[in-house]
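I opened this notebook to keep track of what I looked up, one topic at a time. The entries follow the order in which I went through the structure.

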Number of protein chains: 2
Amino acid sequence: MPNWTLHRGDALTLLPTLDTLVDAVICDPPYNSGGRTNADRRAQGARDKYVSSDAAHTLPDFDGDTRDQRGYTHWLGLVLANTYRLTRSGGSALVFTDWAQLPATSDALQAAGWTWRGIIPWRKPISRPVKDGFRRECEYVLWGSRGAPLRHAPTIYLPGWLEGSQPRGKTRVHITQKPVAVMRQLVRIAPEGGTVLDPCAGSGTTGVAALQEGLHFIGIEQSPTCATSAEGRLAAA
Amino acid sequence: MPNWTLHRGDALTLLPTLDTLVDAVICDPPYNSGGRTNADRRAQGARDKYVSSDAAHTLPDFDGDTRDQRGYTHWLGLVLANTYRLTRSGGSALVFTDWAQLPATSDALQAAGWTWRGIIPWRKPISRPVKDGFRRECEYVLWGSRGAPLRHAPTIYLPGWLEGSQPRGKTRVHITQKPVAVMRQLVRIAPEGGTVLDPCAGSGTTGVAALQEGLHFIGIEQSPTCATSAEGRLAAA
DNA sequence: CCGGGCGGTGAATCGGCCC
DNA sequence: CGGGCCGATTCACCGCCCG
(Lines give C-alpha, C1' and ligand atoms only; values in the text may rest on other atoms or scores of the structure.)
Protein backbone atom coordinates (compact mmCIF):
# COMPACT_ATOMS: atom_id res chain seq x y z
CA MET A 1 0.00 0.00 0.00
CA PRO A 2 1.66 3.23 -1.13
CA ASN A 3 1.85 6.01 1.43
CA TRP A 4 2.11 9.78 1.19
CA THR A 5 3.32 12.79 3.18
CA LEU A 6 2.56 16.46 2.58
CA HIS A 7 4.77 19.06 4.23
CA ARG A 8 3.38 22.57 4.63
CA GLY A 9 5.83 25.40 4.05
CA ASP A 10 8.49 26.80 1.76
CA ALA A 11 10.43 24.34 -0.42
CA LEU A 12 13.84 25.95 0.16
CA THR A 13 13.30 25.89 3.93
CA LEU A 14 11.94 22.35 4.14
CA LEU A 15 14.05 20.45 1.59
CA PRO A 16 17.30 20.67 3.67
CA THR A 17 15.46 19.08 6.62
CA LEU A 18 14.33 16.00 4.65
CA ASP A 19 16.40 12.83 4.46
CA THR A 20 14.22 10.23 2.74
CA LEU A 21 15.79 9.18 -0.58
CA VAL A 22 13.52 9.36 -3.62
CA ASP A 23 13.52 7.95 -7.17
CA ALA A 24 11.95 10.82 -9.08
CA VAL A 25 11.45 14.55 -8.59
CA ILE A 26 8.47 16.04 -10.40
CA CYS A 27 8.12 19.76 -10.15
CA ASP A 28 5.64 22.26 -11.56
CA PRO A 29 6.98 25.60 -10.34
CA PRO A 30 5.31 28.98 -10.85
CA TYR A 31 6.67 29.89 -14.30
CA ASN A 32 7.17 33.58 -13.54
CA SER A 33 6.61 34.34 -17.18
CA GLY A 34 3.37 36.23 -17.74
CA GLY A 35 3.43 39.88 -18.72
CA ARG A 36 5.41 41.75 -21.34
CA THR A 37 7.74 43.74 -19.11
CA ASN A 38 9.63 42.97 -15.92
CA ALA A 39 7.32 45.38 -14.12
CA ASP A 40 4.27 43.47 -15.37
CA ARG A 41 5.78 40.20 -14.21
CA ARG A 42 6.61 41.47 -10.74
CA ALA A 43 3.60 43.66 -10.04
CA GLN A 44 0.69 41.35 -10.75
CA GLY A 45 -0.62 38.22 -9.12
CA ALA A 46 -0.75 34.99 -11.07
CA ARG A 47 -4.50 35.31 -11.57
CA ASP A 48 -4.19 38.63 -13.38
CA LYS A 49 -1.52 37.23 -15.65
CA TYR A 50 -2.85 33.81 -16.54
CA VAL A 51 -6.63 33.96 -16.30
CA SER A 52 -8.92 35.54 -18.89
CA SER A 53 -10.26 38.87 -17.76
CA ASP A 54 -13.80 37.59 -18.34
CA ALA A 55 -13.34 34.21 -16.64
CA ALA A 56 -16.18 33.37 -14.30
CA HIS A 57 -14.39 31.00 -11.96
CA THR A 58 -13.02 32.14 -8.59
CA LEU A 59 -9.99 29.93 -8.14
CA PRO A 60 -7.45 31.34 -5.68
CA ASP A 61 -4.36 33.27 -6.79
CA PHE A 62 -0.96 31.75 -6.03
CA ASP A 63 2.30 33.19 -4.69
CA GLY A 64 5.86 32.95 -5.96
CA ASP A 65 5.18 34.24 -9.45
CA THR A 66 6.93 37.59 -9.15
CA ARG A 67 10.55 36.84 -10.07
CA ASP A 68 12.39 38.20 -13.07
CA GLN A 69 14.22 35.70 -15.28
CA ARG A 70 17.53 35.77 -13.39
CA GLY A 71 15.77 35.42 -10.05
CA TYR A 72 13.71 32.56 -11.41
CA THR A 73 16.74 30.69 -12.72
CA HIS A 74 18.55 31.10 -9.42
CA TRP A 75 15.57 30.06 -7.28
CA LEU A 76 14.76 27.03 -9.44
CA GLY A 77 18.43 26.02 -9.42
CA LEU A 78 18.43 26.02 -5.62
CA VAL A 79 15.25 23.95 -5.46
CA LEU A 80 16.58 21.45 -7.99
CA ALA A 81 19.97 21.21 -6.23
CA ASN A 82 18.21 20.41 -2.95
CA THR A 83 16.11 17.72 -4.58
CA TYR A 84 19.20 16.31 -6.36
CA ARG A 85 20.72 15.62 -2.95
CA LEU A 86 17.68 13.54 -2.02
CA THR A 87 17.57 11.53 -5.26
CA ARG A 88 19.06 8.05 -5.68
CA SER A 89 21.65 7.55 -8.41
CA GLY A 90 19.80 6.82 -11.66
CA GLY A 91 16.76 8.80 -10.52
CA SER A 92 15.06 11.42 -12.67
CA ALA A 93 13.80 15.00 -12.47
CA LEU A 94 10.84 16.19 -14.55
CA VAL A 95 10.30 19.95 -14.54
CA PHE A 96 7.38 21.77 -16.19
CA THR A 97 7.94 25.05 -18.03
CA ASP A 98 6.33 27.21 -20.68
CA TRP A 99 8.13 28.14 -23.90
CA ALA A 100 9.49 31.44 -22.62
CA GLN A 101 11.24 29.94 -19.58
CA LEU A 102 12.46 26.76 -21.26
CA PRO A 103 16.07 27.88 -21.73
CA ALA A 104 16.23 29.25 -18.16
CA THR A 105 14.79 25.98 -16.86
CA SER A 106 17.41 23.93 -18.71
CA ASP A 107 20.11 26.17 -17.21
CA ALA A 108 18.74 25.66 -13.68
CA LEU A 109 18.40 21.90 -14.16
CA GLN A 110 21.98 21.51 -15.30
CA ALA A 111 23.38 23.97 -12.76
CA ALA A 112 21.83 21.78 -10.04
CA GLY A 113 23.84 18.79 -11.24
CA TRP A 114 21.24 16.94 -13.31
CA THR A 115 22.12 15.58 -16.74
CA TRP A 116 19.60 16.97 -19.22
CA ARG A 117 18.04 14.09 -21.19
CA GLY A 118 15.25 15.56 -23.26
CA ILE A 119 12.05 17.57 -23.65
CA ILE A 120 8.54 16.11 -23.52
CA PRO A 121 6.01 18.54 -25.03
CA TRP A 122 2.55 18.60 -23.44
CA ARG A 123 -0.11 19.59 -25.93
CA LYS A 124 -3.25 21.28 -24.64
CA PRO A 125 -6.13 21.05 -27.14
CA ILE A 126 -8.02 23.90 -25.49
CA SER A 127 -5.80 26.90 -26.04
CA ARG A 128 -6.17 30.40 -27.34
CA PRO A 129 -5.64 31.15 -31.00
CA VAL A 130 -3.00 33.76 -31.87
CA LYS A 131 -3.94 36.39 -34.41
CA ASP A 132 -1.63 36.30 -37.46
CA GLY A 133 0.74 33.90 -35.75
CA PHE A 134 1.42 30.43 -34.43
CA ARG A 135 -0.75 29.19 -31.59
CA ARG A 136 1.10 28.64 -28.30
CA GLU A 137 -0.61 25.41 -27.36
CA CYS A 138 2.14 23.49 -25.60
CA GLU A 139 3.89 23.44 -22.29
CA TYR A 140 7.09 21.48 -21.87
CA VAL A 141 8.53 18.95 -19.42
CA LEU A 142 12.32 18.87 -19.12
CA TRP A 143 13.78 15.48 -18.24
CA GLY A 144 17.00 15.20 -16.27
CA SER A 145 18.69 12.27 -14.56
CA ARG A 146 21.18 11.81 -11.75
CA GLY A 147 23.92 9.92 -13.59
CA ALA A 148 22.89 7.24 -16.06
CA PRO A 149 19.12 6.61 -15.95
CA LEU A 150 17.99 3.58 -13.97
CA ARG A 151 17.37 0.29 -15.80
CA HIS A 152 13.78 -0.84 -15.25
CA ALA A 153 12.73 -4.48 -14.88
CA PRO A 154 10.79 -5.17 -16.98
CA THR A 155 11.96 -2.57 -19.52
CA ILE A 156 9.52 0.32 -20.08
CA TYR A 157 9.03 2.70 -22.99
CA LEU A 158 7.56 6.09 -22.17
CA PRO A 159 5.87 8.50 -24.61
CA GLY A 160 7.69 11.36 -26.36
CA TRP A 161 4.78 13.78 -26.03
CA LEU A 162 1.67 14.20 -23.92
CA GLU A 163 -1.82 15.40 -24.63
CA GLY A 164 -4.57 16.50 -22.29
CA SER A 165 -6.69 19.46 -21.33
CA GLN A 166 -6.76 21.11 -17.98
CA PRO A 167 -9.53 19.80 -15.73
CA ARG A 168 -12.70 21.91 -15.92
CA GLY A 169 -15.72 22.28 -13.74
CA LYS A 170 -15.84 21.35 -10.09
CA THR A 171 -12.85 18.97 -10.17
CA ARG A 172 -10.65 22.00 -10.80
CA VAL A 173 -9.23 23.58 -7.68
CA HIS A 174 -6.05 25.31 -8.94
CA ILE A 175 -5.45 27.81 -11.75
CA THR A 176 -2.71 25.72 -13.32
CA GLN A 177 -3.90 22.25 -12.38
CA LYS A 178 -2.54 19.37 -14.50
CA PRO A 179 -4.61 16.45 -15.79
CA VAL A 180 -4.07 13.25 -13.77
CA ALA A 181 -3.72 11.25 -17.00
CA VAL A 182 -0.71 13.35 -18.01
CA MET A 183 0.95 13.01 -14.62
CA ARG A 184 0.44 9.25 -14.59
CA GLN A 185 2.58 8.97 -17.73
CA LEU A 186 5.33 10.98 -16.09
CA VAL A 187 5.52 9.29 -12.68
CA ARG A 188 6.19 5.98 -14.42
CA ILE A 189 9.83 7.09 -14.73
CA ALA A 190 10.13 5.93 -11.07
CA PRO A 191 10.67 2.18 -10.60
CA GLU A 192 7.92 -0.06 -9.18
CA GLY A 193 7.29 0.74 -5.54
CA GLY A 194 9.54 3.81 -5.71
CA THR A 195 9.05 7.28 -4.25
CA VAL A 196 8.15 10.53 -6.01
CA LEU A 197 8.96 13.98 -4.57
CA ASP A 198 7.12 17.15 -5.61
CA PRO A 199 8.48 20.32 -3.98
CA CYS A 200 5.72 22.50 -5.51
CA ALA A 201 2.79 20.19 -4.96
CA GLY A 202 -0.03 22.66 -5.65
CA SER A 203 -3.33 20.83 -5.71
CA GLY A 204 -1.53 17.47 -5.38
CA THR A 205 -2.07 16.02 -8.86
CA THR A 206 1.47 14.55 -8.94
CA GLY A 207 0.71 12.72 -5.69
CA VAL A 208 -2.65 11.43 -6.90
CA ALA A 209 -0.99 10.08 -10.05
CA ALA A 210 1.86 8.52 -8.03
CA LEU A 211 -0.53 6.72 -5.68
CA GLN A 212 -2.60 5.49 -8.61
CA GLU A 213 0.58 4.02 -10.12
CA GLY A 214 1.48 2.32 -6.83
CA LEU A 215 4.28 4.75 -5.91
CA HIS A 216 4.97 6.52 -2.62
CA PHE A 217 4.70 10.31 -2.55
CA ILE A 218 6.30 13.17 -0.65
CA GLY A 219 5.00 16.68 -1.34
CA ILE A 220 5.73 20.21 -0.20
CA GLU A 221 3.20 23.01 -0.56
CA GLN A 222 3.43 26.56 0.70
CA SER A 223 -0.16 27.76 0.34
CA PRO A 224 -2.42 26.52 3.19
CA THR A 225 -5.46 26.58 0.89
CA CYS A 226 -3.75 24.40 -1.73
CA ALA A 227 -2.26 22.11 0.90
CA THR A 228 -5.68 21.43 2.38
CA SER A 229 -7.29 20.56 -0.96
CA ALA A 230 -4.23 18.45 -1.84
CA GLU A 231 -4.61 16.48 1.39
CA GLY A 232 -8.24 15.81 0.54
CA ARG A 233 -7.38 14.56 -2.93
CA LEU A 234 -4.49 12.43 -1.68
CA ALA A 235 -6.59 10.84 1.05
CA ALA A 236 -9.24 9.97 -1.56
CA ALA A 237 -6.71 8.43 -3.96
CA MET B 1 3.79 33.54 -60.96
CA PRO B 2 6.16 33.18 -58.01
CA ASN B 3 9.84 33.05 -58.84
CA TRP B 4 12.89 31.57 -57.16
CA THR B 5 16.65 32.00 -56.95
CA LEU B 6 19.22 29.59 -55.55
CA HIS B 7 22.68 30.89 -54.70
CA ARG B 8 25.52 28.40 -54.44
CA GLY B 9 28.04 29.01 -51.68
CA ASP B 10 28.50 29.77 -48.00
CA ALA B 11 25.69 31.62 -46.21
CA LEU B 12 27.99 33.96 -44.26
CA THR B 13 29.84 34.91 -47.46
CA LEU B 14 26.77 35.38 -49.63
CA LEU B 15 24.25 37.01 -47.26
CA PRO B 16 26.14 40.34 -47.07
CA THR B 17 26.04 40.58 -50.87
CA LEU B 18 22.24 40.23 -51.08
CA ASP B 19 19.93 43.25 -51.03
CA THR B 20 16.44 41.93 -51.79
CA LEU B 21 14.12 42.47 -48.82
CA VAL B 22 12.22 39.42 -47.61
CA ASP B 23 9.18 38.74 -45.40
CA ALA B 24 10.23 35.52 -43.72
CA VAL B 25 13.47 33.68 -43.01
CA ILE B 26 13.15 29.92 -42.62
CA CYS B 27 16.27 28.09 -41.65
CA ASP B 28 17.11 24.48 -40.90
CA PRO B 29 20.76 24.62 -39.89
CA PRO B 30 22.95 21.59 -39.16
CA TYR B 31 22.15 21.04 -35.48
CA ASN B 32 25.70 20.14 -34.40
CA SER B 33 24.29 18.10 -31.56
CA GLY B 34 24.77 14.40 -32.23
CA GLY B 35 27.21 12.47 -30.03
CA ARG B 36 27.53 12.60 -26.28
CA THR B 37 30.82 14.51 -26.05
CA ASN B 38 32.31 17.49 -27.81
CA ALA B 39 34.93 15.17 -29.27
CA ASP B 40 32.21 12.93 -30.73
CA ARG B 41 30.44 15.93 -32.21
CA ARG B 42 33.53 17.31 -33.87
CA ALA B 43 35.11 14.07 -35.06
CA GLN B 44 32.25 12.65 -37.09
CA GLY B 45 30.43 13.70 -40.21
CA ALA B 46 26.67 14.16 -40.13
CA ARG B 47 26.04 10.77 -41.67
CA ASP B 48 27.74 8.87 -38.85
CA LYS B 49 25.78 10.78 -36.21
CA TYR B 50 22.27 10.90 -37.61
CA VAL B 51 22.01 7.71 -39.63
CA SER B 52 21.83 4.18 -38.24
CA SER B 53 24.98 2.14 -38.95
CA ASP B 54 22.84 -0.38 -40.80
CA ALA B 55 20.94 2.18 -42.89
CA ALA B 56 20.50 1.01 -46.46
CA HIS B 57 20.36 4.39 -48.18
CA THR B 58 23.46 6.16 -49.49
CA LEU B 59 22.51 9.82 -49.14
CA PRO B 60 25.47 12.20 -49.20
CA ASP B 61 27.04 13.50 -45.99
CA PHE B 62 26.77 17.23 -45.30
CA ASP B 63 29.28 19.80 -44.07
CA GLY B 64 29.00 22.35 -41.30
CA ASP B 65 28.13 19.90 -38.56
CA THR B 66 31.37 20.00 -36.59
CA ARG B 67 30.94 22.95 -34.20
CA ASP B 68 30.75 22.74 -30.42
CA GLN B 69 27.86 24.48 -28.68
CA ARG B 70 29.57 27.87 -28.31
CA GLY B 71 30.71 27.80 -31.91
CA TYR B 72 27.23 26.82 -33.04
CA THR B 73 25.57 29.65 -31.12
CA HIS B 74 28.02 32.16 -32.55
CA TRP B 75 27.75 30.93 -36.13
CA LEU B 76 23.95 30.76 -36.02
CA GLY B 77 23.83 34.24 -34.46
CA LEU B 78 25.85 35.62 -37.37
CA VAL B 79 23.62 33.94 -39.94
CA LEU B 80 20.46 35.18 -38.23
CA ALA B 81 21.87 38.72 -37.86
CA ASN B 82 22.62 38.82 -41.59
CA THR B 83 19.13 37.63 -42.44
CA TYR B 84 17.61 40.13 -39.97
CA ARG B 85 19.15 42.91 -42.02
CA LEU B 86 17.32 41.64 -45.13
CA THR B 87 13.94 41.25 -43.42
CA ARG B 88 11.13 43.81 -43.58
CA SER B 89 9.79 45.18 -40.32
CA GLY B 90 7.09 42.81 -39.05
CA GLY B 91 8.72 39.85 -40.81
CA SER B 92 9.43 36.53 -39.09
CA ALA B 93 12.22 34.03 -38.62
CA LEU B 94 11.54 30.31 -38.16
CA VAL B 95 14.53 28.25 -37.06
CA PHE B 96 14.57 24.47 -36.66
CA THR B 97 16.40 22.86 -33.75
CA ASP B 98 16.48 19.65 -31.78
CA TRP B 99 15.89 19.57 -28.02
CA ALA B 100 19.56 19.76 -27.05
CA GLN B 101 20.27 22.94 -29.03
CA LEU B 102 16.99 24.70 -28.28
CA PRO B 103 18.38 27.02 -25.59
CA ALA B 104 21.43 27.85 -27.73
CA THR B 105 19.15 28.54 -30.70
CA SER B 106 16.97 30.91 -28.65
CA ASP B 107 20.15 32.73 -27.55
CA ALA B 108 21.33 33.10 -31.14
CA LEU B 109 17.91 34.24 -32.36
CA GLN B 110 17.70 36.96 -29.74
CA ALA B 111 21.34 37.96 -30.04
CA ALA B 112 20.69 38.62 -33.73
CA GLY B 113 17.97 41.13 -32.85
CA TRP B 114 14.84 39.02 -33.33
CA THR B 115 12.07 39.08 -30.72
CA TRP B 116 11.41 35.50 -29.65
CA ARG B 117 7.67 34.73 -30.02
CA GLY B 118 7.24 31.03 -29.37
CA ILE B 119 8.06 27.38 -30.05
CA ILE B 120 6.23 25.13 -32.50
CA PRO B 121 6.98 21.46 -31.83
CA TRP B 122 7.22 19.18 -34.86
CA ARG B 123 6.36 15.59 -34.12
CA LYS B 124 7.97 12.87 -36.22
CA PRO B 125 5.85 9.74 -35.74
CA ILE B 126 8.63 7.56 -37.12
CA SER B 127 11.21 7.75 -34.36
CA ARG B 128 13.14 5.31 -32.24
CA PRO B 129 11.82 4.32 -28.80
CA VAL B 130 14.07 5.01 -25.81
CA LYS B 131 14.69 2.13 -23.40
CA ASP B 132 13.50 2.99 -19.87
CA GLY B 133 12.92 6.62 -20.80
CA PHE B 134 10.91 9.16 -22.74
CA ARG B 135 10.99 8.93 -26.51
CA ARG B 136 12.61 11.87 -28.30
CA GLU B 137 10.19 12.19 -31.17
CA CYS B 138 9.94 15.96 -31.61
CA GLU B 139 12.03 18.66 -33.17
CA TYR B 140 11.24 22.30 -32.55
CA VAL B 141 10.74 25.45 -34.63
CA LEU B 142 11.58 28.72 -32.88
CA TRP B 143 9.54 31.71 -34.04
CA GLY B 144 11.02 35.20 -33.94
CA SER B 145 9.83 38.47 -35.41
CA ARG B 146 11.43 41.75 -36.41
CA GLY B 147 9.42 44.15 -34.24
CA ALA B 148 5.69 43.58 -33.89
CA PRO B 149 4.50 40.78 -36.19
CA LEU B 150 2.85 41.86 -39.42
CA ARG B 151 -0.96 42.12 -39.56
CA HIS B 152 -2.30 39.84 -42.27
CA ALA B 153 -5.34 40.64 -44.41
CA PRO B 154 -7.41 38.58 -44.02
CA THR B 155 -6.37 37.51 -40.54
CA ILE B 156 -4.77 34.05 -40.35
CA TYR B 157 -4.44 31.54 -37.52
CA LEU B 158 -1.48 29.19 -37.74
CA PRO B 159 -1.06 25.88 -35.91
CA GLY B 160 0.90 25.43 -32.68
CA TRP B 161 1.82 21.82 -33.40
CA LEU B 162 3.08 20.11 -36.53
CA GLU B 163 3.09 16.44 -37.47
CA GLY B 164 4.66 14.62 -40.36
CA SER B 165 7.27 11.98 -40.96
CA GLN B 166 10.42 12.55 -42.94
CA PRO B 167 10.07 11.53 -46.55
CA ARG B 168 11.21 7.96 -47.24
CA GLY B 169 12.10 6.10 -50.38
CA LYS B 170 13.14 7.77 -53.61
CA THR B 171 11.62 11.18 -52.87
CA ARG B 172 14.21 11.54 -50.12
CA VAL B 173 17.39 13.24 -51.28
CA HIS B 174 18.77 14.73 -48.03
CA ILE B 175 19.56 13.20 -44.61
CA THR B 176 17.46 15.68 -42.63
CA GLN B 177 14.82 16.46 -45.28
CA LYS B 178 11.56 17.99 -43.99
CA PRO B 179 8.07 17.05 -45.23
CA VAL B 180 6.61 19.58 -47.68
CA ALA B 181 3.28 19.56 -45.77
CA VAL B 182 5.06 20.77 -42.61
CA MET B 183 6.93 23.51 -44.46
CA ARG B 184 3.72 24.71 -46.16
CA GLN B 185 2.23 25.47 -42.75
CA LEU B 186 5.31 27.46 -41.79
CA VAL B 187 5.78 29.57 -44.92
CA ARG B 188 2.25 30.94 -44.44
CA ILE B 189 3.71 33.35 -41.87
CA ALA B 190 4.77 35.41 -44.93
CA PRO B 191 2.02 37.64 -46.39
CA GLU B 192 0.39 36.84 -49.74
CA GLY B 193 2.85 37.28 -52.57
CA GLY B 194 5.74 37.74 -50.12
CA THR B 195 9.28 36.40 -50.25
CA VAL B 196 10.87 33.62 -48.18
CA LEU B 197 14.63 33.33 -47.61
CA ASP B 198 16.34 30.07 -46.61
CA PRO B 199 20.09 30.46 -45.98
CA CYS B 200 20.55 26.67 -45.46
CA ALA B 201 18.35 25.47 -48.29
CA GLY B 202 19.49 21.82 -48.33
CA SER B 203 17.29 19.87 -50.72
CA GLY B 204 15.04 22.90 -51.24
CA THR B 205 11.90 21.82 -49.38
CA THR B 206 11.33 25.33 -48.00
CA GLY B 207 11.39 26.67 -51.54
CA VAL B 208 9.03 24.01 -52.88
CA ALA B 209 6.56 24.82 -50.08
CA ALA B 210 6.90 28.57 -50.68
CA LEU B 211 6.21 28.21 -54.41
CA GLN B 212 3.20 25.98 -53.72
CA GLU B 213 1.83 28.69 -51.41
CA GLY B 214 2.33 31.37 -54.05
CA LEU B 215 5.39 32.96 -52.42
CA HIS B 216 8.72 33.95 -53.92
CA PHE B 217 11.84 32.12 -52.73
CA ILE B 218 15.52 32.90 -52.28
CA GLY B 219 17.80 30.07 -51.16
CA ILE B 220 21.47 29.59 -50.37
CA GLU B 221 23.12 26.17 -50.40
CA GLN B 222 26.77 25.30 -49.96
CA SER B 223 26.88 21.71 -51.15
CA PRO B 224 26.92 21.41 -54.96
CA THR B 225 25.17 18.03 -54.77
CA CYS B 226 22.32 19.40 -52.68
CA ALA B 227 22.07 22.58 -54.73
CA THR B 228 21.65 20.57 -57.93
CA SER B 229 18.84 18.43 -56.54
CA ALA B 230 17.21 21.51 -55.01
CA GLU B 231 17.22 23.23 -58.41
CA GLY B 232 15.51 20.21 -59.91
CA ARG B 233 12.80 20.18 -57.27
CA LEU B 234 12.25 23.96 -57.48
CA ALA B 235 11.98 23.89 -61.27
CA ALA B 236 9.37 21.14 -60.99
CA ALA B 237 7.31 23.00 -58.37
C1' DC C 1 -29.27 6.28 -21.47
C1' DC C 2 -27.60 8.45 -25.38
C1' DG C 3 -26.84 12.20 -28.65
C1' DG C 4 -26.92 16.80 -30.14
C1' DG C 5 -26.62 21.48 -29.18
C1' DC C 6 -25.20 25.33 -26.52
C1' DG C 7 -22.47 28.01 -23.53
C1' DG C 8 -18.17 28.94 -21.43
C1' DT C 9 -12.99 29.07 -21.31
C1' DG C 10 -7.75 29.21 -21.80
C1' DA C 11 0.17 29.02 -17.31
C1' DA C 12 -2.53 35.75 -22.82
C1' DT C 13 -1.71 38.96 -25.97
C1' DC C 14 -2.37 43.19 -28.10
C1' DG C 15 -3.65 47.88 -28.99
C1' DG C 16 -4.59 52.03 -27.07
C1' DC C 17 -5.17 55.51 -23.68
C1' DC C 18 -3.73 57.96 -19.73
C1' DC C 19 -0.46 59.68 -16.53
C1' DC D 1 8.16 59.70 -24.57
C1' DG D 2 8.04 55.77 -21.79
C1' DG D 3 5.65 52.88 -18.82
C1' DG D 4 1.60 51.14 -16.72
C1' DC D 5 -3.09 49.86 -16.85
C1' DC D 6 -7.48 48.39 -19.03
C1' DG D 7 -10.42 45.86 -21.86
C1' DA D 8 -11.40 43.42 -26.31
C1' DT D 9 -10.32 39.54 -28.45
C1' DT D 10 -10.25 34.34 -30.54
C1' DC D 11 -11.97 29.45 -31.62
C1' DA D 12 -11.39 24.50 -30.78
C1' DC D 13 -12.76 21.82 -27.35
C1' DC D 14 -15.14 20.22 -23.27
C1' DG D 15 -18.91 19.85 -19.97
C1' DC D 16 -23.45 20.05 -19.11
C1' DC D 17 -28.18 20.27 -20.04
C1' DC D 18 -32.13 18.83 -22.23
C1' DG D 19 -34.88 16.32 -25.39
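**Entry 1, the sheet.** I began with the sheet of chain A in this predicted model, and I noted that it is an open sheet of eight strands in the order 1-10-9-2-3-6-4-8, with mixed pairing. I then asked which strands stand at the edges. They are strand 1 (4-8) and strand 8 (162-163) of chain A, and because each has a single partner strand, one side of each is left without a neighbour in the sheet. As a reminder to myself, strands of a sheet pair through backbone hydrogen bonds, and they do this either parallel or antiparallel.

**Entry 2, one pair of strands and a helix.** I looked up strand 9 (residues 195-198) and strand 10 (residues 216-221) of chain A, which pair in the parallel sense over four bridges. Within this pair, I found that A:Val196 has A:Phe217 of strand 10 as its bridge partner. Helix 7 (residues 205-212) of chain A lies across strands 1, 2, 9 and 10 of that chain, and I wrote down that the helix runs at about 175 degrees to strand 10.

**Entry 3, a loop residue.** Next I turned to A:Val173, which sits in the loop between strand 8 and helix 6 (180-187) of chain A. Is A:Val173 buried or exposed? It counts as partly exposed, because its relative accessibility is 28%, and the range for that class lies between 20% and 50%. Leaving aside neighbours within four places in sequence, A:Val173 is in contact with A:Leu59, A:Pro60, A:Ser203 and A:Ser229. I also checked A:Gly202, which is 29 residues from A:Val173 in sequence, while their C-alpha atoms are 9.5 Å apart in space.

**Entry 4, the two chains.** I compared the copies and found that a rotation of 180 degrees, with 0.0 Å of shift along its axis, superposes chain A on chain B with an RMSD of 0.1 Å. That is the relation of a two-fold axis. In chain A, the C-alpha nearest the axis belongs to A:Pro103, at 2.3 Å from it. The same surface serves both copies, since 100% of the contact residues of chain A recur in chain B.

**Entry 5, the contact between them.** The contact takes 38 residues from chain A and 39 residues from chain B. About 3400 Å² is buried between the two chains, and carbon and sulfur atoms give 66% of this area. A:Trp99, A:Asp132 and A:Phe134 supply 25% of the area that chain A buries against chain B, which is more than any other three residues. I counted two salt bridges between the chains. A:Asp132 forms a salt bridge with B:Arg151, where the closest N and O atoms are 3.5 Å apart.

Technical notes. Residues numbered from 1 in each chain as written. Chains lettered and ligands numbered in written order. Predicted model: local features only at pLDDT ≥ 70, side-chain atom pairs only at ≥ 80, totals over all residues. Heavy atoms only, no water. Pairing = 2+ DSSP bridges. Contact = heavy atoms within 4.5 Å. Axes fitted to C-alpha atoms, helices over the stretch in contact; angles between N-to-C directions. Buried < 20%, exposed > 50% of the residue type's maximum accessible area, 1.4 Å probe, protein only. Least-squares fit on C-alpha atoms with pLDDT ≥ 70 in both. Buried area = accessible area lost by both parts, 1.4 Å probe. Salt bridge = Lys/Arg side-chain N within 4 Å of Asp/Glu carboxyl O.
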